[in-house]
Amino acid sequence: MPSLSNPGNTAFEGPATYRIVVQGELSEVSRRRFAGMTIESDPAATDRPRTILRGQVQDQAELRGVLDALYGLHLAVIAVERCSDE
């Protein structure tokens, strides 16, 4: 079994901004679970709706919580990207 390693110089501690793309749409009630994140429809999605969430998370544990919440809503996660600091 291959071992996982830290690619490049990616730091996994401290706050960072993430962009998360999911298949589907969030209801107004579901959007409240992600307060503090910007939520928009993906204009590039032509066949099925996609939603883009973007916002700062404090650490990997909080990122995991966001991903778990999306999983609980039965939304397939298409991409998770750590954005460069702006």
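**Exercise 1. Is R50 buried, partly exposed or exposed, and what is its relative accessibility?**

Solution. The model is a predicted one, and every value below is computed from it. R50 has a relative accessibility of 27%. Since buried means under 20% and exposed means over 50%, with partly exposed in between, R50 counts as partly exposed. The next step is to look for the partner of this residue: the side chains of R50 and D42 meet in a salt bridge, with a distance of 3.7 Å from N to O. D42, at 12% relative accessibility, counts as buried, so this salt bridge joins a partly exposed residue to a buried one.

**Exercise 2. Work out how many salt bridges a search of the whole structure finds, and describe the pair formed by R19 and E81.**

Solution. The search of the whole structure finds three salt bridges. In one of them R19 is paired with E81, and the closest N and O atoms are 3.1 Å apart. To see what this pair connects, locate each residue: R19 belongs to strand β1 (residues 16-23), while E81 belongs to strand β4 (residues 76-82), so the salt bridge ties together parts that are 62 residues apart in sequence. Finally, consider the accessibility of the two partners: R19 counts as partly exposed at 25%, and E81 also counts as partly exposed, at 36%.

**Exercise 3. Describe the salt bridge between R64 and D68, and state in which element the two residues lie.**

Solution. The side chains of R64 and D68 meet at 3.3 Å, taken from N to O. Both residues are part of helix α2 (residues 60-72), where they lie four residues apart, which is about one turn of the helix. Their accessibility is then read off against the cut-offs of 20% and 50%: R64 is exposed, with a relative accessible area of 55%, whereas D68 counts as partly exposed at 39%.

**Exercise 4. List the secondary structure elements in order from the N terminus, and then give the order of the strands in the sheet.**

Solution. Begin with the count, which comes to two helices and four strands. From the N terminus on, these elements run β-α-β-β-α-β. In space, four strands form an open sheet with the order β2-β3-β1-β4 and with antiparallel pairing. The strands β2 and β4 stand at the edges and have a single partner strand each, so one side of each is left without a neighbour in the sheet. On average, neighbouring strands of this sheet are turned by 20° against each other, if direction is ignored. The helix α2 packs on the sheet, where it touches β1, β3 and β4, and its direction makes about 15° with that of β1.

**Exercise 5. Examine how β3 is paired with β1 and with β2, and name residues that stand opposite each other.**

Solution. As background, strands of a sheet pair through backbone hydrogen bonds, either parallel or antiparallel. Here β1 and strand β3 (residues 50-57) pair in the antiparallel sense over eight bridges. Along this pairing, V21 stands opposite I52 in β3, and Y18 stands opposite G55 in β3. Turning to the other neighbour, strand β2 (residues 38-41) is joined to β3 by four bridges, and these two strands also run antiparallel. S41, which lies in strand β2, has T51 in β3 as its bridge partner. At 47% relative accessibility, S41 counts as partly exposed. A further distance places S41 relative to L53: the two residues are twelve residues apart in sequence, and their C-alpha atoms are 8.9 Å apart in space.

**Exercise 6. Find out where H74 is placed, and explain what is notable about its phi angle.**

Solution. H74 is found in the loop between α2 and β4. Its phi is near 60°, a positive value in a residue other than glycine. Most residues other than glycine have a negative phi. H74 counts as exposed, at 74% relative accessibility.

**Exercise 7. Summarise the chain as a whole by stating what share of its residues is buried and how much area the chain exposes.**

Solution. Of the 86 residues in the chain, 28% are buried. The chain exposes about 6200 Å², and carbon and sulfur atoms supply 50% of this area. As a last step, take the contacts in the chain with a separation of 6 or more: residues 24 or more positions apart account for 76% of them.

Key:
Residues numbered from 1 in each chain as written. Predicted model: local features only at pLDDT ≥ 70, side-chain atom pairs only at ≥ 80, totals over all residues. Heavy atoms only, no water. Salt bridge = Lys/Arg side-chain N within 4 Å of Asp/Glu carboxyl O. Buried < 20%, exposed > 50% of the residue type's maximum accessible area, 1.4 Å probe, protein only. Pairing = 2+ DSSP bridges. Contact = heavy atoms within 4.5 Å. Areas by Shrake-Rupley, 256 points an atom, 1.4 Å probe, with all protein chains shown as cover. Axes fitted to C-alpha atoms, helices over the stretch in contact; angles between N-to-C directions.
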